[in-house]
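Let's take a walk through a protein model together. Keep the 3D view open and turn it around as you read.

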Amino acid sequence: MASPEIETLTQALARLPGLGPRSARRAVLHLLKKREGALGPLLAALAAVDERLVTCATCGNVDTANPCAVCADPRRDQRSLCVVEEVADLWALDRSRLFPGRYHVLGGRLSALEGIRPEDLAIDALVRRIEAGGIDEVVLAMNATLEGQTTAHYIADRIERFPIRVTQLAHGLPVGGELDYLDEGTLAQALRARRPVA
C-alpha cells in the first residue's frame, strides 16, 4: 500500500486525459524509480509553468509570455487569422506548420444543451480584431460537429459586414480512409465537396 502522499499523486495523474488509475500508477512508479532523472525535472518544469503561465491577451493561447510566441512572431502573416475552438486545436494546427498566419481561440463552441452562448466565448474579441483592420482572410477551423458548425455559421454571420474573405476547413474523406469505415455524415460531406478529377 502506498503512502497518502503517493496515493494523492497517483489520483492527480489519473485525472489527466488519457491516463486512468493503472496508467497513473505506472507513471508514479516510474517517477519514483527514476527520481533524480525524471521526478526532479518534472517538478521543476511544473513549478516554472505554474509560476509563469498566462493567457495571451491577443489570441487566447496559453503560454509563459504575453503576447504569446505565435502572436509575437514577426514572420507570421498578420493578414490571415485562423479561428479555433480550443488551445489544443491551435497547437494541433500549428504543429502542422501549414498555416502561416495568426490565431484566435474562442474558448469553446456554442451549445444550447450545455448552456454555452455567444457571450460565453471570445467572439466579441474576434469581431474587435477584425474591426481594427489589417485582416484579409478569416479561416473558420471549427470541429466537424453540429456545435462546431453552428459556431462557424454564427461567426460567419457576425463578420459578413467586413470586406474580408471567410473560409472554412474542408471536411470529408480522410487520407487513407476506407469508405466502409466512415460515418454517413463524413460521406455526405465528401460527396457535397466533390471536385473534378485533374
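What follows is a tour of some helices, a few loops, and some pairs of residues to look for.

Before we set off, keep in mind that this is a predicted model.

Let's begin with a pair of helices. Two packed helices are described by the angle between their axes and the distance between those axes. Find helix H2, residues 21-33, and helix H3, residues 35-52: their axes come within 6 Å and cross at roughly 110 degrees. An angle from 65 to 115 degrees counts as roughly perpendicular, so that is the word for how H2 sits relative to H3. Which residues make the contact? From H2 you have His30, Leu31, Leu32 and Lys33, and from H3 you have Arg35, Ala38, Leu39 and Leu42. Sort the residues of this contact by class and you get five nonpolar, one polar and two charged.

While you're on H3, look for valine 49, which lies in this helix. Is valine 49 buried, exposed or partly exposed? Its relative accessibility is 39%, so it counts as partly exposed. Now pick out arginine 25 and compare positions: valine 49 and arginine 25 are 24 residues apart in sequence, and their C-alpha atoms are 24 Å apart in space.

Next, a loop with a twist in its backbone. Proline 67 sits in the loop between S2 and H4. Zoom in on the peptide bond that runs from asparagine 66 to proline 67: this bond is cis, with omega near 10 degrees.

Now on to helix H5, residues 87-96. Its buried residues are Val87, Asp89 and Leu90. Look down the axis of H5 and you'll see these buried residues fall within an arc of 155 degrees, so they line one face of the helix. On the other side of H5, Ala88 and Arg95 are exposed. What do the buried residues of H5 pack against? Their neighbours are strand S2 (62-63), helix H4 (69-72), strand S3 (77-84) and strand S4 (101-105).

Follow the chain out of H5 and you reach arginine 97, which is found in the loop between H5 and S4. Its phi is near 55 degrees, a positive value in a residue other than glycine. Arginine 97 has a relative accessible area of 76%, so it is exposed.

Helix H7, residues 146-159, lets you try a little check. At 1.5 Å a residue, its 14 residues should span 20 Å, and the C-alpha atoms at its two ends are indeed 20 Å apart, so the expectation and the model agree. Which residues of H7 are buried? They are Gly148, Gln149, Thr151, Ala152, Ile155 and Ile159. These residues cover an arc of only 155 degrees around the axis, which puts them on the same side of H7. If the spacing of those numbers puzzles you, here's a handy rule: an α-helix has 3.6 residues a turn, so residues three or four places apart point the same way. Swing round to the other side of H7 and you find Leu146, His153 and Asp157 exposed. The cover over the buried residues of H7 includes S3, helix H6 (123-131), strand S5 (137-141) and strand S6 (165-168).

Let's stop at one residue of H7. Glutamine 149 lies in this helix, and its relative accessible area is 18%; buried means under 20%, so glutamine 149 counts as buried. Leaving aside residues up to four places away in sequence, glutamine 149 touches Met142, Asn143, Ala144, Gln168 and His171.

His171 comes up again with another glutamine. Glutamine 189 has its place in helix H8, residues 184-192. With residues up to four places away in sequence not counted, glutamine 189 touches His171 and Gly172. Glutamine 189 and glycine 172 are 17 residues apart along the chain, yet their C-alpha atoms are separated by 5.3 Å. As for its surroundings, glutamine 189 has a relative accessible area of 25%, so it is partly exposed.

Our last stop is valine 175, in the loop between S6 and H8. Its relative accessibility is 88%, so valine 175 counts as exposed. Finally, look across to isoleucine 6: it is 169 residues from valine 175 along the chain, and 44 Å separate their C-alpha atoms.

Note on methods:
Residues numbered from 1 in each chain as written. Predicted model: local features only at pLDDT ≥ 70, side-chain atom pairs only at ≥ 80, totals over all residues. Heavy atoms only, no water. Axes fitted to C-alpha atoms, helices over the stretch in contact; angles between N-to-C directions. Helix = DSSP H or I, 4+ residues; strand = E, 2+ residues; numbered from the N terminus. Parallel < 35°, antiparallel > 145°, perpendicular 65-115°, else oblique. Contact = heavy atoms within 4.5 Å. Nonpolar A, V, L, I, M, F, W, Y, C, P; charged D, E, K, R; others polar. Buried < 20%, exposed > 50% of the residue type's maximum accessible area, 1.4 Å probe, protein only. Arc of directions from axis to C-beta. Expected span 1.5 Å × (residues − 1).
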